[in-house]
Amino acid sequence: MNSSLSIIQQIDAILPQTQCGLCGHRDGCLPYAKAIVEGEDANKCVPGGQPVADALAELLHRNKLIAEPSVWPIQSDGRPQRMKAVIREDECIGCTKCISACPVDAIIGSGKLMHTILTDLCTGCELCIAPCPVDCIDLVEDIQPIPNNEQRLLEQNDLRSRYYAHIQREEKQRIHRKGPVVRAEIDTELFAQITQNSQSLPTIEIVEAPQKKPIVTDAKTTIELAKLRTQIKKLEKQLSVRADQNKQDQLDHLLRQLSVLQGESE
């Protein structure tokens, strides 16, 4: 492991792993750690507050800066109030948009069915709120005792692993995904580099889209293909209204012609 990756990991170990993007890096804590190594200010972690800003300044031998302010009150440990998201379940329409937005997979549910948030896993990142089309997600104060340093470290390690597992799944689904992407594009290569040197994190592998063989056709073949596809669509539409064996036979014949013509053009 080179020295750059090593210091990135040391910085990432201090960050709270909420993956909230409030630092300006919407794909999580690790990209912010990389940006800090590249010269970005180390006081932008809002949920980490002043303790994280000071710890990073000490690690990097930089001047201490005032942490970016939070909208939530500061707790006795110097960090902003911890928050949890909750769904008003009777208003949920089951759109699943919050599920894909959650970086640590703390939301469960299925399409057109009620969703719920596993509050023990919720980081209070707020990323599920904006995608909700019916505005049925609220933030409430975390009533659990403030964790000590040992508990916080265990929590951060667990959240980091959950986020890496989330990225791993997203990467596998990326080339097959249809529709809009709710979360920001993720620097998967950076996360993959880190997992190559770690035995405690889920391994992330870059999934390459299969290369499609280019189809080269001459003008005559292109016209023939277009005619066949038009005839096929017309017959399929007619057969969807009423069954007709003669038309079905015609359709089968045209499909065979199309297959042969496409094969010749490859």
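Biologist: Which residue takes a positive phi just after helix 2?

Modeller: That is Gly39, with a phi of about 120°. Please keep in mind that this is a predicted model.

Biologist: Fair enough! How do you know how confident the predictor was along the protein chain?

Modeller: From pLDDT, which runs from 0 to 100. The protein chain averages 87, and 89% of its residues score at least 70. Helix 3 (residues 49–60) has the highest confidence, at a mean of 97, while helix 8 (residues 245–265) has the lowest, at 81.

Biologist: What makes up the protein chain, in terms of helices and strands?

Modeller: You will find eight helices and four strands. Reading from the N terminus, the order is α-α-α-β-α-β-β-β-α-α-α-α.

Biologist: Back to helix 2, then. What makes you call helix 2 mostly covered?

Modeller: Buried means under 20% relative accessible area, and seven of the nine residues in helix 2 (residues 29–37) are buried. They are Cys29, Leu30, Pro31, Tyr32, Ala33, Ala35 and Ile36. Across the whole protein chain of 266 residues, buried ones make up 37%.

Biologist: Which element gives the most residues to the largest nonpolar core?

Modeller: Helix 2 again, with five residues. The core has 25 residues, and those touching the most other members are Ile11, Leu15, Leu30, Ile36, Leu56, Tyr164 and Phe191. Helix 1 (3–14), helix 2, helix 3, helix 5 (149–174) and helix 6 each give two or more residues to this core. There is also a second, separate core of 16 residues, with Ala106, Cys122, Cys132 and Cys136 among them.

Biologist: How do you know what Phe191 is in contact with?

Modeller: Contact means heavy atoms within 4.5 Å. Leaving aside neighbours within four places in sequence, Phe191 is in contact with Asp27, Leu30, Pro31, Tyr163, Tyr164, Ile167, Ile186 and Ile204.

Biologist: Thr188 lies in helix 6 (residues 188–196) as well. Why is Thr188 called buried or exposed?

Modeller: Its relative accessible area is 12%. The limit for buried is under 20%, so Thr188 is buried. With neighbours within four places in sequence left out, Thr188 is in contact with Ile167, Glu171, Ile204 and Ile206.

Biologist: And Leu59, in helix 3? Why is Leu59 called buried, exposed or partly exposed?

Modeller: Set its value against the two limits: buried is under 20% and exposed is over 50%. Leu59 has 25% relative accessibility, so Leu59 counts as partly exposed. Leaving aside neighbours within four places in sequence, Leu59 is in contact with Ile7, Gln10, Ile11 and Ile14. From Leu59 to Gln10 the C-alpha distance is 8.4 Å, though they are 49 residues apart in sequence.

Biologist: Last one from me. What makes up the lining of the largest pocket?

Modeller: It takes 42 residues, and Arg82, Lys84, Thr123, Asp142 and Glu155 are the ones nearest the centre. Strand 1 (83–87), strand 4 (137–141) and helix 5 each give two or more residues to that lining, and helix 5 gives the most, with seven. The space in this pocket is about 850 Å³.

Technical notes. Residues numbered from 1 in each chain as written. Predicted model: local features only at pLDDT ≥ 70, side-chain atom pairs only at ≥ 80, totals over all residues. Heavy atoms only, no water. Buried < 20%, exposed > 50% of the residue type's maximum accessible area, 1.4 Å probe, protein only. Core = buried A, V, L, I, M, F, W, Y, C linked by side-chain atoms within 4.5 Å. 1 Å grid on protein atoms, 1.4 Å probe; cavity = no way out; pocket = protein on both sides within 12 Å on 5 of 7 lines; lining within 4 Å. Points joined across faces, edges and corners; volume = space filled by probe spheres on them.
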